[in-house]
Amino acid sequence: TLLSPEPEVNKKVHEDRKRDYLGLMLTFALSISGFIASFYLTSDWAGQARLQLLNVFNNGPMSAVGVELVRLVLATMVAVIIARVLILMGWAQKSIVHRSYVEPVQDFFKRYGLSMALLLLSLIGLYRISDIVLGVVANIFYQDMGFTKPEIATVVKTFGLFMTIVGGFLGGILALRFGVMRILFLGAVLSALTNLLFMLLAQMGNDIWMLYIVISADNLSGGMASAAFIAFLSSLTNISFTAVQYAIFSSLMTLLPKILGGYSGTMVESIGYEQFFLMTALMGVPVLLLVFLAARRFRIDG
């Protein structure tokens, strides 16, 4: 392979193509820069808007989430406008932009139809919500329970990593044996139930053996759910648009959970750890319904 000659190429076509894709990269970079800048420039407005909404709804977390969603929409619009202007200026070829970013989205909705596509996207966006929202405050919770940093490193980071790997292998084996959708449902059930173990740990306090039990169950179920979920996401992609579609799916997977997770600390201060863990477990209930509905209409071959 190393000694085989390179195929002959048309140098002019090669240079034109390289220039087109360089323009595409620059357009993407400037659009992302506009996206980031819009968040930075609207920070003062966001603070004032949160105070005004707080006076109306008397709910700090809900007001903050609403404002941040508006900022997200505005930032996305700014990025799209920048991209369109640069295309009109000739920085990037419209056909390449369309093939790179628009066709993968169109292909997904064309293959599954609007209703099924929205169902699958809802499942992708909510599947890991219980784990991600809880995970934001996990390390703070361990310290508040009196566990030392060496204990957290040993149990959570080292032992927990091993249990996640075991869960991943177990999830893959079970998915091959019983099917991806069934293990996807099982992973969602276990992920929600293990959040209830954190309630028990909050009641027991500084109990190292209970910490081992909680981390074992949580990471094992998380590994199983992740293995099945990756197989599920991979099955949704078209081989012609694998990279872009999988990137969209994996980003959507954490978008809403990360936004809500940003207010996990505020929720804990308002309702306490036990009620917070119960709430994160209940967040997994709609996911079970989405998996059930998707399993009835979606089949994974192989």
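This section describes the surface patch, the cavity and the two largest pockets of a predicted model.

A nonpolar patch lies on the surface. Its members are L22, L26, L30, W45, V70, V73, L74, M77, I81, V85, M89 and W91. Together these residues have about 1,100 Å² of accessible area. Two elements, α1 (11–41) and α3 (60–88), give two or more residues to the patch. The largest share comes from α3, with six residues. W91 belongs to the patch but is found in the loop between α3 and α4 (94–112). The relative accessible area of W91 is 41%. This value falls between the limits of 20% for buried and 50% for exposed, so W91 counts as partly exposed.

The largest pocket has a volume of about 1,200 Å³. Its lining comprises 26 residues. Nearest the centre lie F28, T76, A79, V80 and Y101. Four helices, α1, α3, α4 and α11 (242–261), each supply at least two lining residues. Again α3 gives the largest share, here eight residues. α1 and α3 thus recur: both contribute two or more residues to the nonpolar patch, and both supply at least two to the lining of the largest pocket. By class, this lining holds 18 nonpolar, six polar and two charged residues.

The second largest pocket encloses about 430 Å³ of space. It is lined by 18 residues, and D131, G135, T164, D218 and N219 are the closest to its centre. At least two lining residues come from each of α6 (129–135), α7 (138–144), α8 (149–178), α9 (180–204) and α10 (208–236). The largest share, six residues, belongs to α10. The lining of the second largest pocket divides into six nonpolar, eight polar and four charged residues.

Enclosed space was also examined. The structure holds one cavity of 30 Å³ or more. The volume of the largest cavity is about 40 Å³. L126, Y127, I129, S130, A188, S191, G284 and V287 line this cavity. α6 and α9 are the elements that give two or more residues to the lining. These two elements also each supply at least two residues to the lining of the second largest pocket. No charged residue lines the largest cavity; five of the lining residues are nonpolar and three are polar.

Technical notes: Residues are numbered from 1 along each chain as its sequence is written. This is a predicted model: local features need pLDDT of at least 70, side-chain atom pairs count only at pLDDT 80 or more; totals for chains, interfaces and linings use all residues. Side-chain values use heavy atoms; hydrogens and water are left out. Patches are made of residues with over 30% relative accessible area and no salt bridge: like charges are joined within 9 Å, nonpolar side chains (Val, Leu, Ile, Met, Phe, Trp, Tyr) within 5 Å. Accessible areas come from the Shrake-Rupley method with a 1.4 Å probe; for residues, only the protein chains shown count as cover. A salt bridge is a side-chain nitrogen of Lys or Arg within 4 Å of a carboxyl oxygen of Asp or Glu. Buried means under 20% relative accessible area, exposed over 50%, partly exposed in between (1.4 Å probe, protein chains only). On a 1 Å grid over the protein atoms alone, a cavity is a set of points where a 1.4 Å probe fits but cannot get out, and a pocket is an open set with protein on both sides within 12 Å along at least five of seven lines; lining residues have an atom within 4 Å of a point. Grid points are joined across faces, edges and corners, and a volume is the space filled by probe spheres set on the points. Ala, Val, Leu, Ile, Met, Phe, Trp, Tyr, Cys and Pro count as nonpolar, Asp, Glu, Lys and Arg as charged, and the others, Gly among them, as polar.
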